Amino acid sequence: MNLCKKSGKKQTGMMSLTTLPGIRWTVDQSGIVLINENSGESCFAGYPEAALWDLMQRGYSFAKIVELFSSIIMENEAIAEEIAAVTFRRWIEQGFLSGVDHG
């Protein structure tokens, strides 16, 4: 469950994503805590969204992220792609990532 409140460059097949300056993250027992050192805001990304952050930070292409995420959530790739796209866009809107949508 993603509890994020609204308030280096990675390439994907659908988006170009960059973690913004001042963004840090740490692994928690049940997910990842994203921290914006500039604004002081933070959010918790639980399973399965935390896996998307990890895969993106490893530099996988969007296609590879979708393939791996599909296995993680045990759903087809269309569902995995939709969840990934929505999650990455949310993190862009929340100021944790900078991104350019190519699709």
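Which residues in α3 are buried? Keep that in mind while reading the points below. The model is predicted.

1. **The buried side of α3.** The buried residues of α3 are Ala80, Ala84, Ala85, Thr87, Phe88 and Trp91. Look at how these numbers are spaced along the helix. An α-helix has 3.6 residues a turn, so residues three or four places apart point the same way.

2. **The length of α3.** Helix α3 covers residues 77–93. That makes 17 residues, and the helix reaches 24 Å from its first C-alpha to its last. This is close to the 24 Å expected at 1.5 Å a residue.

3. **The two ends of α3.** Asn76 caps the N-terminal end of the helix. One of its side-chain oxygens lies 3.0 Å from the backbone nitrogen of Ala78. Beyond the other end, just after α3, comes Gly95, with a positive phi of about 85°.

4. **Phe88.** This residue sits in α3. Is Phe88 buried or exposed? Its relative accessible area is 0%, so Phe88 counts as buried. Now compare its place with that of Trp53. The two are 35 residues apart in sequence, but their C-alpha atoms are 8.5 Å apart in space.

5. **Trp53 and its contacts.** Trp53 belongs to helix α1, residues 49–57. Trp53 is buried, because its relative accessible area is 1% and the cut-off is under 20%. What does Trp53 touch, leaving out residues up to four places away in sequence? The list is Thr19, Ile23, Trp25, Ile32, Leu34, Trp91, Phe96 and Leu97.

6. **The aromatic pairs.** The structure holds four aromatic pairs. One of them joins Trp25 and Trp53. This pair is edge-to-face, with 5.4 Å centre to centre and 70° between the planes. Trp25 lies in strand β3 and Trp53 in helix α1, so the pair ties together parts that are 28 residues apart in sequence. The two partners differ in cover: Trp25 is partly exposed at 38% relative accessible area, whereas Trp53 is buried at 1%.

7. **The ring cluster.** Which residues do ring pairs link into a cluster? They are Trp25, Trp53, Phe62, Phe88 and Trp91. Trace them in the model, starting from Trp25 in β3 and ending at Trp91 in α3.

8. **The nonpolar core.** The largest nonpolar core has 24 residues. Trp53, Phe88 and Trp91 have the most contacts inside it. At least two residues of this core come from each of β4, β5, α1, α2 and α3. Helix α1 gives the most, with six residues. There is a general pattern to recall here. In soluble globular proteins, nonpolar side chains tend to be buried together.

9. **Helix α1.** This helix is mostly covered, with eight of its nine residues buried. The buried ones are Glu49, Ala50, Ala51, Leu52, Trp53, Leu55, Met56 and Gln57. Just after α1, Gly59 takes a positive phi of about 85°.

10. **The first hairpin to trace.** Strands β3 and β4 form a hairpin with two residues between them. How many bridges join β3 to β4? There are six, and the strands run antiparallel. Val27 is one place to check the register: its bridge partner in β4 is Ile32.

11. **The next hairpin.** Strands β4 and β5 also form a hairpin, here with five residues between them. Five bridges join these antiparallel strands. Ile35 stands opposite Ser42 in β5. In the turn, Gly40 has a positive phi of about 85°.

12. **Helix α2 beside α3.** Two residues of α2 deserve a look. Ser70 is found in this helix, residues 62–73. At 9% relative accessibility, Ser70 counts as buried. Leaving aside neighbours within four places in sequence, Ser70 is in contact with Glu75, Asn76, Glu77 and Ala80. Among these is Asn76, the cap of α3. Glu67 lies in α2 too. Glu67 is partly exposed, with a relative accessible area of 39%. Glu67 and Ala78 are eleven residues apart in sequence and 9.7 Å apart in space, C-alpha to C-alpha.

Technical notes. Residues are numbered from 1 along each chain as its sequence is written. This is a predicted model: local features need pLDDT of at least 70, side-chain atom pairs count only at pLDDT 80 or more; totals for chains, interfaces and linings use all residues. Side-chain values use heavy atoms; hydrogens and water are left out. Helices (H or I, at least four residues) and strands (E, at least two) are DSSP runs, numbered from the N terminus. Buried means under 20% relative accessible area, exposed over 50%, partly exposed in between (1.4 Å probe, protein chains only). Contact means heavy atoms within 4.5 Å. Rings of Phe, Tyr and Trp (its six-membered ring) pair if their centres lie within 6.5 Å; planes under 30 degrees apart count as stacked, over 60 as edge-to-face and the rest as tilted. The expected span of a helix is 1.5 Å times one less than its number of residues. A polar contact is a pair of N or O atoms within 3.5 Å; within protein, one must be able to donate a hydrogen and the other to accept it, and residues adjacent in sequence count only if both atoms are side-chain atoms. Two strands pair if DSSP finds at least two bridges between them. A nonpolar core is a set of buried Ala, Val, Leu, Ile, Met, Phe, Trp, Tyr and Cys residues joined through side-chain atoms within 4.5 Å.
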